[in-house]
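Dear colleague,

I am handing over the structure we spoke about, and below it you will find an account of what came out of looking through it. Please read the text with the structure open beside you.

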Amino acid sequence: MAFNEESVLTRRALLTGALAGAVLGGGATAAQASGRARRVLIATNEPWGTYHAAPLLPEARRLGWEVVQLVPDRSGVKPGDPVPVMLPGEVDEADLLVVTGAGDWPADCAARLRRLPLAASSLAYQLPVEAPRAKEFRGRLRAITASSPAEAKVFDDYLGTGRRPIAVVGTPQSDDLPRRAPEAGTVLVLTSVTRSGDTGGSAPGTDLLLAAAERLAAAGRHILVGLHPREDRSLWERYEISAVPSVQASARAEAAIGIPGTVFPVVAAVGVPLVGVTDPRLQIPGYLLSVCTHTITTADEAVTAVETAEPVSRKVLYEAAGPVGGSARRLFKVWRKVAQRARAA
């Protein structure tokens, strides 16, 4: 694999049914001289998880792109969600299909929209194990992007693409980082997802994280909770739940503790020291752990770990988070090249 800076949801019956009426690419054409905005369709492993696409919207508006997430139906879309959605059968025109994973939904969308140029972009972490359905579409991929060098290696293993060029573009979440202004005694708790649902799976470790938060609160720390978009809010209502996304909330924290996930390198980029809560059942890519000063396996370790946590070095940060700032611009540049080449072919 080469890369450069620019370079457990099955529900098969539902997903297949949603795709049954999808256009097969015959009506999906490139933007015409009429001035129609370029349209990129995004299909994720979490079909209704539009929070992965939301950070792309500001740059899309600036560039005149339309970002649309493909969903099986609208049952999992919250009212007022800023990310436009479509069912595959509603697609009339598009310039590009981007898959962010190789789960059932992205693979099914790729199979049905065969005439659209296809790219893969990692917008959330995957495991370095080849996904069973990746082989169905990887030969069609005209570009692959990842946030960082470390994520590129994992995404390569996940897709089974082996030595394909992967453009390292950074993460759009880092394009508007808050200025850090830590409040004395404040610890940010970064949650994962406790219960699986139609939108996606869960991660072990919440009981340990809850116990760690209790220890920290008992030690006099103010607990500020950054909720995963799909986490059960009721589990954390005893503490202050941030009204803004976790990355913005992290500016208030002296340190952060949580179940390592996609947001960890971005919070590290803000300059916040991190402590990872791990569980024997958790599978976590090494680069997410690399931005943690400590990882803990018992709640009794939480207070000392938080007190001694330090920001990561620039070298570690770049390997895990990639280039900070301008990430969405770099990502759209890759996508634009794919769309233009397809139109010229």
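To begin with the inside of this predicted model, the largest cavity is lined by S121, S122, L123, T145, A146, S147, V169, G170, T171, P172 and L331. Sorted by class, that lining holds 5 nonpolar and 6 polar residues and no charged ones, and the space in the largest cavity comes to about 30 Å³.

Turning to the strands, β2 covers residues 38–43, and because 5 of its 6 residues are buried, this strand is largely enclosed by the rest of the structure. Strand β3, residues 65–70, runs parallel to β2 and is joined to it by 5 bridges; within this pairing, V40 has V67 of β3 as its bridge partner.

Further along the chain there is an open sheet of 6 strands with parallel pairing, in which the order is β11-β10-β9-β12-β13-β14. Its edge strands are β11 (240–241) and β14 (294–296), each of which pairs on one side only. Within this sheet, β9 and β12 (residues 255–258) run parallel and are joined by 4 bridges, and V187 stands opposite A255 of β12.

Strand β9 spans residues 186–190 and includes T186, which counts as buried because its relative accessibility is 2%, below the 20% cut-off. Leaving aside residues up to four places away in sequence, T186 touches H222, L224, R252, A253, E254 and A255.

A residue to compare with T186 is L227, which sits in the loop between β10 (222–226) and β11. L227 counts as partly exposed because its relative accessibility of 22% lies between the cut-offs of 20% and 50%. Setting aside residues up to four places away in sequence, L227 is in contact with T191, R233, W236, I241 and S246. The C-alpha atoms of L227 and V189 are separated by 8.1 Å, although the two residues are 38 residues apart along the chain.

Two helices are also worth going through. Helix α3, residues 104–112, is mostly covered, with 7 of its 9 residues buried, and these are D104, W105, P106, A107, D108, C109 and A110.

In helix α10, which runs over residues 314–321, the buried residues include L317, A320 and A321. Why do these residues lie on the same side of α10? The reason is that they cover an arc of only 80 degrees around the axis. As a general point, an α-helix has 3.6 residues a turn, so residues three or four places apart point the same way. The buried residues of α10 pack against two other helices, α7 (263–270) and α8 (286–290). Directly after α10 comes G322, whose phi is positive, near 80 degrees.

A positive phi is also found at R163, where the value is near 70 degrees and the residue is other than glycine. R163 belongs to the loop between α4 (149–159) and β8 (165–168), and it counts as exposed because its relative accessible area of 70% is over the 50% cut-off.

If you wish to retrace these points in the viewer, the pair V40 and V67 is a place to start for β2 and β3, and the contacts of T186 may serve the same purpose for β9.

With kind regards

Definitions and conventions: Residues are numbered from 1 along each chain as its sequence is written. This is a predicted model: local features need pLDDT of at least 70, side-chain atom pairs count only at pLDDT 80 or more; totals for chains, interfaces and linings use all residues. Side-chain values use heavy atoms; hydrogens and water are left out. Buried means under 20% relative accessible area, exposed over 50%, partly exposed in between (1.4 Å probe, protein chains only). The arc is that of the directions from the helix axis to the C-beta atoms. Contact means heavy atoms within 4.5 Å. On a 1 Å grid over the protein atoms alone, a cavity is a set of points where a 1.4 Å probe fits but cannot get out, and a pocket is an open set with protein on both sides within 12 Å along at least five of seven lines; lining residues have an atom within 4 Å of a point. Grid points are joined across faces, edges and corners, and a volume is the space filled by probe spheres set on the points. Ala, Val, Leu, Ile, Met, Phe, Trp, Tyr, Cys and Pro count as nonpolar, Asp, Glu, Lys and Arg as charged, and the others, Gly among them, as polar. Two strands pair if DSSP finds at least two bridges between them.
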